[in-house]
Amino acid sequence: MALQIGDPAPEILAKDQSGNEVKLSDYKGKKVILYFYPKDDTPGCTAQACNLRDNYDALLDKGYVVLGVSVDDEKSHQKFIKKFDLPFPLLADTDHAIVEAYHVWVEKNMYGRTYMGTARTTFVIDENGVISEIIQKVDTKNHTDQILSKND
């Protein structure tokens, strides 16, 4: 069953690009932007990450923490962060535990071929660990505006 606004955000436990263990509960008392994206260093994912990077100070000023999640591994995340100078952690969900918990591991269709992949989705989680916003139609080039316009 899909998550809804008002639901408690499922706990996550993953390693970031540096191998540090990250839990959502570590951010209790802070607002979290948990964004799921399909693949490191692809055009849409790069546009989205760079938009969040370019507006990172504005997000911090509003009290947000940014966490990116994909099924890529730590090494891939390290390259992506280094190439685009990303200031926030990327979580390696290689076992698909987080994408499954957030119901964003879905059947996709491209050029008539169906396959499983990550649906680009952003969850805004409030200070109490409750989902306050779900953005499913992500505008990769203006994602920060989407977040702030609904949660300001």
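This is a short dialogue on reading the sheet and the salt bridges of a predicted model.

Visitor: In what order do the strands of the open sheet lie, and which are the edge strands?

Guide: An open sheet is read from one edge strand to the other. Here 7 strands follow the order 2-1-5-4-3-8-9 with mixed pairing, and the edges are strand 2 (21–23) and strand 9 (131–135), each of which pairs on one side only. From one strand to the next the twist averages 30 degrees.

Visitor: In which sense do strand 8 and strand 9 pair?

Guide: Strand 8 (residues 121–125) pairs with strand 9 in the antiparallel sense, over 4 bridges, and within this pairing Phe123 stands opposite Ile134 of strand 9.

Visitor: Which strands does helix 3 lie across?

Guide: Helix 3 (residues 74–84) lies across strand 1 (13–16), strand 4 (64–70) and strand 5 (90–92), and runs at about 160 degrees to strand 5.

Visitor: How should I read the salt bridges, and how many are there?

Guide: Side chains of opposite charge can pair when their charged atoms come close. The count here is 3 salt bridges. In one of them, the closest N and O atoms of Lys39 and Asp72 are 3.4 Å apart; Lys39 lies in the loop between strand 3 (31–36) and helix 1 (43–54) and Asp72 in the loop between strand 4 and helix 3, so the pair ties together parts that are 33 residues apart in sequence.

Visitor: Is Asp72 buried or exposed?

Guide: Asp72 is buried, because its relative accessible area of 9% falls under the 20% limit, whereas Lys39, at 45%, counts as partly exposed.

Methods:
Residues numbered from 1 in each chain as written. Predicted model: local features only at pLDDT ≥ 70, side-chain atom pairs only at ≥ 80, totals over all residues. Heavy atoms only, no water. Pairing = 2+ DSSP bridges. Helix = DSSP H or I, 4+ residues; strand = E, 2+ residues; numbered from the N terminus. Axes fitted to C-alpha atoms, helices over the stretch in contact; angles between N-to-C directions. Contact = heavy atoms within 4.5 Å. Salt bridge = Lys/Arg side-chain N within 4 Å of Asp/Glu carboxyl O. Buried < 20%, exposed > 50% of the residue type's maximum accessible area, 1.4 Å probe, protein only.
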